[in-house]
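Welcome, and please take a moment to look over the structure below. We will walk through it together, one part at a time.

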Amino acid sequence: MEYTCKDFKVGKCEGEKIVDGETMPLVLNPIEPNKKNDINSLLEYLENNKDWFDNMITKNSAVLLRGFDVKNAQNFNDIVEVFGWEDIRYVGPAPRTHIYKRVWTANEGPLSEFIYYHHEMVLIKEFPKKVILYCEIPPPEGGETPFVPSFRVTERMIEEFPEAVEEIEKKGLKYTFSAPSKNDQGSMRGRGWEDAFGTSDPIEAEKRAKALGMEMEWLPNGGVKTILGPRCLTKVFDGRKGRRMWFNTLVGMYGKDISSAMMFDGTEIPQNIVKRCEEIIEEESIQFKWQKGDVLFLDNWATLHGRRPSLPPRKVLVATCK
C-alpha cells in the first residue's frame with residue numbers, strides 16, 4: 001500500500017528505523033509547514049482518509065502525527081473519535097486519572113522509574129487493538145516512549161533458544177501479581193484492586209476478575225494476589241503477514257518483589273533466557289524525542305511499548321481502542 005495521501009506529507013524523526021521494509025514510526029506532517037495545521041483541518045484530513053490511515057497503522061505498526069496544532073485533551077479526544085473505534089476500559093496495575101471522555105493520563109508512577117516494554121493489557125482476555133498517545137507537555141530530558149516490533153523479538157528468541165521457546169509455548173505461561181487495596185501513587189504498579197475492578201466489594205471484585213481470566217488470593221493486609229494462566233508466549237494476528245508476536249510480559253514480571261512469571265506447570269524459566277530476551281528487546285527498540293502536540297498511534301497487536309525515566313514536567317495522555 002502506498003504512503004501517498006494528498007492531505008499528509010511523509011516526514012522523518014530522529015530514531016526511526018526501517019524494519020522489514022517498513023518505516024517505524026511513519027511520520028505524517030502537514031503538507032505545508034505552519035499552514036492548515038490547525039485542529040479542524042487535521043480532523044478533516046483524518047475524516048477523509050480514515051481507511052488509509054488505519055491501514056498505515058497496521059502496515060507500519062506505528063504512525064506519528066507531528067506538526068499539527070493539537071492543544072489539549074479535548075483536541076486529542078476529537079482525533080480519537082474521528083475513527084469510530086470502540087473504547088476499551090483499561091485494566092492493569094498502572095495508576096491513571098480520567099481527564100476527558102476517552103482520555104486518561106498515562107502511567108502516573110514516578111518519572112524516575114523505567115516502565116518496562118509491554119503490550120497493553122496483554123494478560124487480560126480482551127486487550128486493545130490500538131494505543132494512542134498524545135504529548136501535551138514534552139519532558140526537558142528523557143521520557144521517551146520507546147516501542148518494539150514484537151515479531152523481531154520472537155524471531156531472535158527462536159534463533160537463539162528454539163527448544164526453550166517451543167517448551168514455553170507448549171506449556172503456556174503463568175503469572176502472579178500482588179496489588180494493594182488502595183492506589184499507591186508512589187509506584188508505577190501501585191493501582192489498588194478497588195480502582196482496578198471498580199468496586200470495594202471483595203466478592204464483586206472476584207467475579208469481575210474471573211470474567212477477565214484471573215484467580216484471586218486475598219492477603220492479610222487487605223491486598224490481593226492475582227494468578228493468571230495459562231497465557232501464550234507468542235500470538236499471530238490476522239493481517240500482519242503471519243508474524244508471531246512476542247505477546248507476553250515475561251521479562252517485565254519475572255522475579256520481581258510483587259510479581260512472577262513461570263511456565264504454567266510451575267517449571268522455572270532459566271534466568272539467562274529471560275536476561276537475553278531483555279537484551280534483545282532493548283536492541284530492537286525504537287525511540288524518538290516527544291514534541292508538543294505529537295500524537296502517536298501504536299498497533300498494540302504488533303508493538304511493545306514502555307517509558308524512559310525523565311525529568312519533570314512530562315504530560316502524556318492516552319486512549320485505548322478495540
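Is C135 buried or exposed? C135 is buried, with a relative accessible area of 0%; here buried means under 20% relative accessible area, exposed over 50%, and partly exposed in between, using a 1.4 Å probe and protein chains only. Before going on, note that this is a predicted model, in which local features need pLDDT of at least 70 and side-chain atom pairs count only at pLDDT 80 or more, while totals for chains, interfaces and linings use all residues. Residues are numbered from 1 along each chain as its sequence is written, and side-chain values use heavy atoms, leaving out hydrogens and water.

Let us stay with the cysteines. A disulfide is a covalent bond between the sulfur atoms of two cysteines, counted here when the two sulfur atoms are within 2.5 Å. The structure holds 0 disulfides. Why does C135 not form a bond? Its closest cysteine sulfur, in C13, is 13 Å away, which is too far. C5 is too far for a bond as well, because 19 Å separate its sulfur from the closest cysteine sulfur, again in C13. C5 also counts as buried, at 11% relative accessibility.

Now turn to the sheet. Strands (E, at least two residues) and helices (H or I, at least four) are DSSP runs, numbered from the N terminus, and two strands pair if DSSP finds at least two bridges between them. An open sheet of 8 strands runs in the order β1-β4-β5-β17-β9-β19-β7-β6, with mixed pairing. Its edge strands, β1 (9-11) and β6 (98-100), each pair on one side only.

Strand β5 (residues 62-65) is a good place to look closer. With β4 (residues 26-29), β5 pairs in the parallel sense over 3 bridges, and L28 has L65 as its bridge partner in β5. With β17, the pairing is antiparallel, over 4 bridges; there A62 has L298 as its partner.

In a regular strand the side chains alternate between the two faces of the sheet. In β5, A62 and L64 point one way, V63 and L65 the other way, and all are buried.
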